[in-house]
Protein chains: 2
Amino acid sequence: MAAEASNFLKYVDEHEEDFIQRLAKAVSIPSVSGNIGYIKDVEAMAEWLLQQLISLGVKAEKRAIGQHKLEGKDVDLPPVIIGQLGNDPNKKTLLIYGHYDVQPALYEDGWHYPCFELTQDPSGSGRMYGRGSTDDKGPIMAWLNVLEAHQKLGKELPVNLKMCFEGMEENGSENLDKFIESEKNGFFAGADCMCISDNYWLNTETPCLTYGLRGINYYEIRVNGPDRDLHSGVFGGTIHEPMTDLILLMSKLVTPAGEILIPGLKDLIAPVTDEEREKFEAIHFGVKDIHAAVGGDQTLTNDKVTTLMGRMRNPSLSLHGIEGAFSATGSKTVIPCSVKGKFSIRLVPNLTIKSVTDLVVKYLDAEFKKLGSKNRCEVVLGHGGEPWMADFTHYSYRAAHKATEDVYGQAPDYTREGGSIPVTLDFADILGLNVLLLPVGRGDDGAHSTDEKLDRDNYIRGTKLLGSYMYELAAISK
Amino acid sequence: MAAEASNFLKYVDEHEEDFIQRLAKAVSIPSVSGNIGYIKDVEAMAEWLLQQLISLGVKAEKRAIGQHKLEGKDVDLPPVIIGQLGNDPNKKTLLIYGHYDVQPALYEDGWHYPCFELTQDPSGSGRMYGRGSTDDKGPIMAWLNVLEAHQKLGKELPVNLKMCFEGMEENGSENLDKFIESEKNGFFAGADCMCISDNYWLNTETPCLTYGLRGINYYEIRVNGPDRDLHSGVFGGTIHEPMTDLILLMSKLVTPAGEILIPGLKDLIAPVTDEEREKFEAIHFGVKDIHAAVGGDQTLTNDKVTTLMGRMRNPSLSLHGIEGAFSATGSKTVIPCSVKGKFSIRLVPNLTIKSVTDLVVKYLDAEFKKLGSKNRCEVVLGHGGEPWMADFTHYSYRAAHKATEDVYGQAPDYTREGGSIPVTLDFADILGLNVLLLPVGRGDDGAHSTDEKLDRDNYIRGTKLLGSYMYELAAISK
Ligand SMILES: [Zn+2]
Ligand SMILES: [Zn+2]
Ligand SMILES: [Zn+2]
Ligand SMILES: [Zn+2]
């Protein structure tokens, strides 16, 4: 532990209740970015956050980033709030990100507590319920707590801090990439590394550092035949049915054991290094954790490392559904004339959007030709997102590792997310920075669900973690 | 031509306009059985038809057949109208069927003419537009025309006629089977054979007799895995996905060329007799007719007989869609936890509901076991309908053949329908009668579509055909 941090830690312990009040205030502003009815609340949240930063000594400002359509109306995008504290050329400069908007929440959805009122679990578990408690107001408040401690203690931060908080993360982060691009050589210039706290521990007990995200290619296989839907009584047995072709093509993509059948795709996967394997072996996780999460025993394997790699560092292919076919309950004897099969492939290094698409299109074109069908087939990439992986040996990760040991008394797990967090790529690619994903909350926090919560212990220790990380970052050699 | 029919035919020619007025009156009553808003019109149609029959000398009555739920309300089923004319033990007794209800029709659906007003094509083509013109009011009015001619000419019918008209055909013929059963030894006793005019020529030029219908087994393959839908980013690559299993099973049912892959199913098909093959070869039909009907060149073959047998006398398997998977436009990265694949098999002699289901379930169970999946799979028969085929060498068919030659100057095609007409089976099975399907309208009449029509020529010659059929039936040796 960096010795200078000790009075900071003491301050945190002595101000738990104040910090919880700060989070309660943040949760009480229903800053839902996806509904026009909450537009004033998003504004109010931005203003409150700005004033908090200013009162904590941050040189902060709101930045307009354009307009968008919300429920059919043209409205201003929520502002980006940027702030800076410290400008010492002898210190490292850390960039942090968070989002002050939240997912929608309605009591009728099945909440057991008021959605926008931070509620302590009456059983004394330490759970604090409320929309945004863990996603992502808790982590932002933890940073404010760190700033308050230093202000009140009259201590300078050990690093220069640059902050970027947006209010559109839950609604697509529109224009944030343009903002980052436009301020690349402005506000963002000089940042040494970046820390984002907007994901979760893999389980409920073990802190972790997250160094990778899978990308995704989403495809449609479009098979077109007759120019109208037909009755199977009249035409069944006389024509090439588009569904028959589509189902056969979709059946050739992946085996029930999850093996992707697209030739050449496996060859693109970056070889597993010894260091990576060690990180996977060290993760605190059991296959039973997945059984609990899915409500069944459908894991492909009972081996921990294989399961974790299946989720985090290997591509996967899922068949999502078919558009244009009969999909309601009951029975309908239709021969659909035009159907679109939907599937996606999760990407990992070194698969790219383009290299995978080339293989997919080539393979499916060839398989379709084999069918001898008179229908027409086309494979279309809907959207693509590249995979991301950070160098987890970077000093920022080493600093976070030490800080975790300081605060939690144990080494963190090194995890990757199976899904994507698009802002991570925007920052990493545009600014060329090492990005550390440093979660504050637990795997069962239920971001986006009913009864979203943050554990009091995670909030308080999270505050300590972020502060300690700054100290370790300042102390560590690049 | 039976000589006694000549003044009947003359009467028809002299009363074309009257007969068209009769059809116009029938079409003007919007007897839609599927909407509660038309319940009074269905009643009015039944009453009008009853009065017509009585005025034409028929001993007719309305029979209540119970209640049903229509748009959530308990209401009386439309009555069955039964009638009898003639009771001469030395004559054959013919049973006829028709339905006085119609499909819904809204001008906004794209009609070019008023839906419930018989409208002559202004171009003089002879087309008479209006809902129910061909399905099934035209054929019923043709029978009434026959009766009128005989009444006015003071002629007895050459056969005893029993009539059964229902008002629920377009809404499932509910309780009709029970009615037939209950009157098997009552009203229906003594019928020698049956004639139903409720289907259409195969094309627009050639009259036909229809002697077969395919049955149908409608199945669901239900694959269940996790107990909730999952995110493919988090769980893709770690579990057995129900969609992967389902798509693979569905891909093993039928080839793109339409060949059914269920072992043993082909062996159940009744061998083609020489007589049957001759009937198929004689049908006036070209593969281009299918191209026109489907708006594309997707026929499995260009051979006429193979195509016709594919439609009429061979089983076919169509994949209709999937319930529970993503089916909207756009993209959703869901792993559905529970999916139902829907497919149906059209049945022909000697496939039965049960024998086919046994093969299907056995095959799919075995294929699912091969997948090595931890999901659960179940194959369920939704509904089944047996195939039907009449003896087309029966004297009723021979009589209709002669009548067609009399009226149209050409031998009829012998066709089968690829779909089902459930009442046919009810009458054939319960009463044990030979049923002749004797269409009045053409293949392009558009029953159930916008701009439903009946050609004036088909209506007038149809009236002659039904009358002549009676005379030939009376004359022919059993
Ligand atoms: Zn978030
Ligand atoms: Zn979120
Ligand atoms: Zn009909
Ligand atoms: Zn109909």
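Visitor: Which residues are the protein donors of the zinc ion (ligand 2)?

Guide: This is a predicted model. In it, the zinc ion (ligand 2) takes its protein donors from Asp135(A) through OD, from Glu170(A) through two OE entries, and from His448(A) through NE2, at 2.0 to 2.7 Å. Along the sequence, these donor residues follow the spacing D-x34-E-x277-H.

Visitor: How is the geometry of such a site to be read, and what are the angles among the 4 donor atoms of the zinc ion (ligand 2)?

Guide: Four tetrahedral donors would ideally give angles of 109.5 degrees at a metal. Here the angles run from 53 to 135°, and the site of the zinc ion (ligand 2) is irregular. The site is not classed as tetrahedral because that class requires all angles to lie between 85 and 135 degrees.

Visitor: What coordinates the zinc ion (ligand 1)?

Guide: The zinc ion (ligand 1) is coordinated by His99(A) through NE2, Asp135(A) through OD, and Asp198(A) through two OD entries, at 2.0 to 2.7 Å. Its site is likewise irregular, with angles of 53 to 147° among the 4 donor atoms. The spacing of its donor residues in sequence is H-x35-D-x62-D.

Visitor: How far apart are the zinc ion (ligand 1) and the zinc ion (ligand 2), and which residue coordinates both?

Guide: The two ions are 3.1 Å apart, and Asp135(A) coordinates both. Asp135(A), in the loop between S7 and H4 of chain A, is paired with Asp198(A), in the loop between strand S9 (193-196) and strand S10 (208-213), 63 residues away; the pair links distant parts of the chain.

Visitor: Why do Asp135(A) and Asp198(A) count as buried or exposed?

Guide: The criterion for buried is a relative accessible area under 20%. Asp135(A) is buried because its value is 4%, and Asp198(A) counts as buried because its value is 10%. Glu170(A), a donor to the zinc ion (ligand 2), is buried as well.

Visitor: Turning to the packing, how many residues has the largest nonpolar core, and which have the most contacts inside it?

Guide: The largest nonpolar core has 107 residues. Those with the most contacts inside it are Leu53(A), Leu94(A), Met141(A), Leu147(A), Phe427(A) and Tyr469(A). Helix H4(A) gives the most to this core, with 8 residues.

Visitor: Which residues is Leu94(A) in contact with, leaving aside its neighbours within four places in sequence?

Guide: Among the contacts of Leu94(A) are Trp143(A), Val159(A), Leu161(A), Cys193(A), Met194(A), Cys195(A), Tyr469(A) and Leu473(A). Asn160(A) and Lys162(A) are also included.

Methods. Residues numbered from 1 in each chain as written. Chains lettered and ligands numbered in written order. Predicted model: local features only at pLDDT ≥ 70, side-chain atom pairs only at ≥ 80, totals over all residues. Heavy atoms only, no water. Donors = N, O, S within 2.8 Å, 3.2 Å for Na, K, Ca; no water. Tetrahedral: all angles 85-135°; square planar, octahedral: opposite > 155°, others 65-115°. Buried < 20%, exposed > 50% of the residue type's maximum accessible area, 1.4 Å probe, protein only. Helix = DSSP H or I, 4+ residues; strand = E, 2+ residues; numbered from the N terminus. Core = buried A, V, L, I, M, F, W, Y, C linked by side-chain atoms within 4.5 Å. Contact = heavy atoms within 4.5 Å.
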